[in-house]
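Please read this briefing alongside the sequence and the coordinates.

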Amino acid sequence: MNPSMACLFTAAFIVGARPPFMPILEKSIDVLAPPEVVWSIVADPSFVPKLYPHVIAVSPGHSRIATVGKSVRITAKIAGRRMTASLVATEVVPNAKFSYKHLPDGFLDKYLCSIELEPTKRGTRLNERVEYEAHAGYLGKAVSKLVVHRMVKDNVIQSLKNVKEIAELEEHTGSRTG
């Protein structure tokens, strides 16, 4: 690392900023369901495989609402390979915000996700913000960055669409009792 980059990285570390090379992805979608219905989906670990296309399993697979410090282990299939990662809830504000991060045992060096729910006149504005850094060990540095970027983007976009579809169906049919 050259001296100027080392100074920038050290300064960013001291003030708590993220390194300048960590990608950020922010996406939003409007859902025609109240925040309580949307919350019951995004904060329920059993919905993870239904929301994120690359996730094939979650354990424990219970349906208890997330609490700070609670963790789950996911299994995902990426570029034809099965990979696992542990996720831990870092912030939980019922019906408003759910944040979690990958623990260092997974296929990403860093993954921080924040999901925010904003009430609207017609339902909920669902915002998802992800900061991530590819782990070079699984697929090689160059391929990891390309594959992980595409995977993260596809997963976030599809998860928002899936939350919308499930929440609107549940709101329309009244199948969930809150």
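The points below cover the overall make-up, two hairpins, and burial and contacts.

This is a predicted model, in which local features need pLDDT of at least 70 and side-chain atom pairs count only at pLDDT 80 or more, while totals for chains, interfaces and linings use all residues. Residues are numbered from 1 along each chain as its sequence is written, and side-chain values use heavy atoms, with hydrogens and water left out.

**Overall make-up**
- The protein has 5 helices and 7 strands, where helices (H or I, at least four residues) and strands (E, at least two) are DSSP runs numbered from the N terminus.
- Starting at the N terminus, the order of elements is α-β-α-α-β-β-β-β-β-β-α-α.

**Hairpin of S3 and S4**
- Strands S3 (residues 71-78) and S4 (residues 81-93) run antiparallel and are joined by 8 bridges; pairing requires that DSSP finds at least two bridges between two strands.
- Ile78 lies opposite Arg81 in S4.
- The hairpin leaves 2 residues between S3 and S4, and Ala79 in the turn has a positive phi of about 50°.

**Hairpin of S4 and S5**
- S4 is also joined to S5 (residues 97-102), by 6 bridges, and the two run antiparallel.
- Val92 is placed opposite Phe98 in S5.
- Here 3 residues separate the strands, and Asn95 has a positive phi near 65°.

**Burial, surface and contacts**
- The protein has 178 residues, of which 40% are buried (under 20% relative accessible area, 1.4 Å probe, protein chains only).
- About 9800 Å² of the protein is exposed, with 57% supplied by carbon and sulfur atoms; accessible areas come from the Shrake-Rupley method with a 1.4 Å probe.
- Of the contacts (heavy atoms within 4.5 Å) between residues at least 6 apart in sequence, 49% join residues at least 24 apart.

Technical notes: Buried < 20%, exposed > 50% of the residue type's maximum accessible area, 1.4 Å probe, protein only.
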